[in-house]
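Hi everyone, thanks for coming. Let's put the structure up on the screen and walk through it together.

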Amino acid sequence: MTAPSLRINSSPGRRLILHSLSASLLALLATTNPADAYAQERWQPQRPIRLIVPYGPGGSSDVIARALAVEMSKSLGQTVFVENKAGGQGSIAMQDAARAAPDGYTVVLGHVGTLAVNPAMMSKLPYDPLKDFAPVALLTRVPMLFAVGPANSSTTLAQFVSQAKAAPGKLNYGSAGNGSAGHLAFEMLKQAAGIDVTHVPYKGTGAQMSDLLAGNIDAAAAGLPGFLPHVKAGKLRILAVGAAQRLPAIPSVPTVAESGYPGFESSQWFGLLAPAKTPMAVVERLHSEAIKALQTPSVRRRLEEDSSSPAPMGPRDFSAFITAEQKRWGDVVRHAHLSAN
């Protein structure tokens, strides 16, 4: 038996109905997929962009943010202005950024402290580093250096470790504050070397450096800019570099890894984030302009002055990097029983 054939009524009325249904369906798809609309038209800011820095003026975060803002302003055709918002180990600024409208007009300079250390040290963190933000770009890394002042006779990291092991708890080191980059870097060194060195927290880098130079504390960890003038004056000695490789500015100083602790690396890092739910087209434009700014001679020159290395990374990779760093620094915090509460 032959199967019945399917006959289609191709009358003008039927064709008109089908045409109208097709047009309506296409219109519906276009209006319910905003991602496609963003992809078709590059986002262009129509007013100034606020770049929040979770620390006060003058530090590495501020220097990086201001150098970036100048070049991004030129490229975007809109002013990118820096707003310093210190306090709460960076949590006040991060909370402000998290609550901002996800429209591209507020971004924040994230940091190893605000994104990886605070979650482990603060039980009541007023923001979620992973859920409250859309990662835009990892920007730079600033290696931590370990130095001693006139109170300590060590000229190598091995000598300092030997002194510490010979008198547990007698040597001390200063930091810019509980949970600061210098604090965590030295705790990581203590764990790697198996030494007991007492932490002396200060309210800022200036007070810490004054006591180190005066011989009131033995050692400290910080970035190169804070140490270099005093090293040139013969007042401080850098024992080791926390980066994976030696620094061009001080090529004779070995890394911690070279000094007997393979795999050791301790660096501050900085990255740009937007509030969660910021449209991907906006995130991609901000990422593109931030990376472009990193490549300009003026920004590269400013970063080199701080021995800061460009470390460009896209949104997805930056998100995975934050997760990995949370685990790495969380382990250091838990092992040392540190808390900011």
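Seven elements each supply at least two residues to the lining of the largest pocket: α3 (60-76), α5 (112-121), α7 (181-193), α8 (205-214), β8 (219-222), α9 (224-232) and β10 (267-275). Of these names, the α ones are helices (H or I, at least four residues) and the β ones are strands (E, at least two), taken as DSSP runs and numbered from the N terminus. Please keep in mind that this is a predicted model, where local features need pLDDT of at least 70, side-chain atom pairs count only at pLDDT 80 or more, and totals for chains, interfaces and linings use all residues. Residues are numbered from 1 along each chain as its sequence is written, and side-chain values use heavy atoms, with hydrogens and water left out.

Which element gives the most to the lining of that pocket? It is α3, with three residues. The space in the largest pocket is about 850 Å³. Its lining counts 37 residues, and the closest to the centre are Tyr55, Gly59, Ala176, Thr205 and Gln268. Sorted by class, the lining has 12 nonpolar, 23 polar and two charged residues. Here Ala, Val, Leu, Ile, Met, Phe, Trp, Tyr, Cys and Pro count as nonpolar, Asp, Glu, Lys and Arg as charged, and the others, Gly among them, as polar.

And what is a pocket, as opposed to a cavity? On a 1 Å grid over the protein atoms alone, a cavity is a set of points where a 1.4 Å probe fits but cannot get out, while a pocket is an open set with protein on both sides within 12 Å along at least five of seven lines; a lining residue has an atom within 4 Å of a point. Points are joined across faces, edges and corners, and the volume is the space filled by probe spheres set on them.

So how many cavities of 30 Å³ or more does a search of the whole structure find? One. The largest cavity holds about 70 Å³ of space. Two or more lining residues come from each of α5, α7 and β10, and α5 has the largest share, with three. Among the residues lining the largest cavity are Val112, Met144, Gln268 and Trp329. You have met Gln268 already, as one of the residues closest to the centre of the largest pocket. The cavity lining divides into six nonpolar, six polar and no charged residues.

Now for some helix packing. Two packed helices are described by the angle between their axes and the distance between the axes. For α8 and α9, the angle is about 25 degrees and the axes are 12 Å apart. That makes α8 roughly parallel to α9. For α3 and α10 (280-294), the axes come within 9 Å and cross at roughly 120 degrees, so α3 and α10 are oblique to each other. Angles under 35 degrees count as roughly parallel, over 145 as roughly antiparallel, 65 to 115 as roughly perpendicular and the rest as oblique. The axes are lines fitted to C-alpha atoms, for helices over the stretch in contact, with angles from 0 to 180 degrees between N-to-C directions.

Finally, a few single residues. Buried means under 20% relative accessible area, exposed over 50%, and partly exposed in between (1.4 Å probe, protein chains only). Gln89 sits in the loop between β2 (80-84) and α4 (91-99), and its phi is positive, about 55 degrees, although Gln89 is not a glycine. Gln89 is partly exposed, because its relative accessible area is 26%. Lys277, in the loop between β10 and α10, has a positive phi near 75 degrees and counts as exposed at 80% relative accessibility.

Is Val80, in strand β2, buried or exposed? Val80 is buried, since its relative accessible area is 7%. Lys131, in the loop between α5 and β4 (133-143), is exposed at 67%. Lys131 and Ala276 are 145 residues apart in sequence, and 6.9 Å apart in space, C-alpha to C-alpha.
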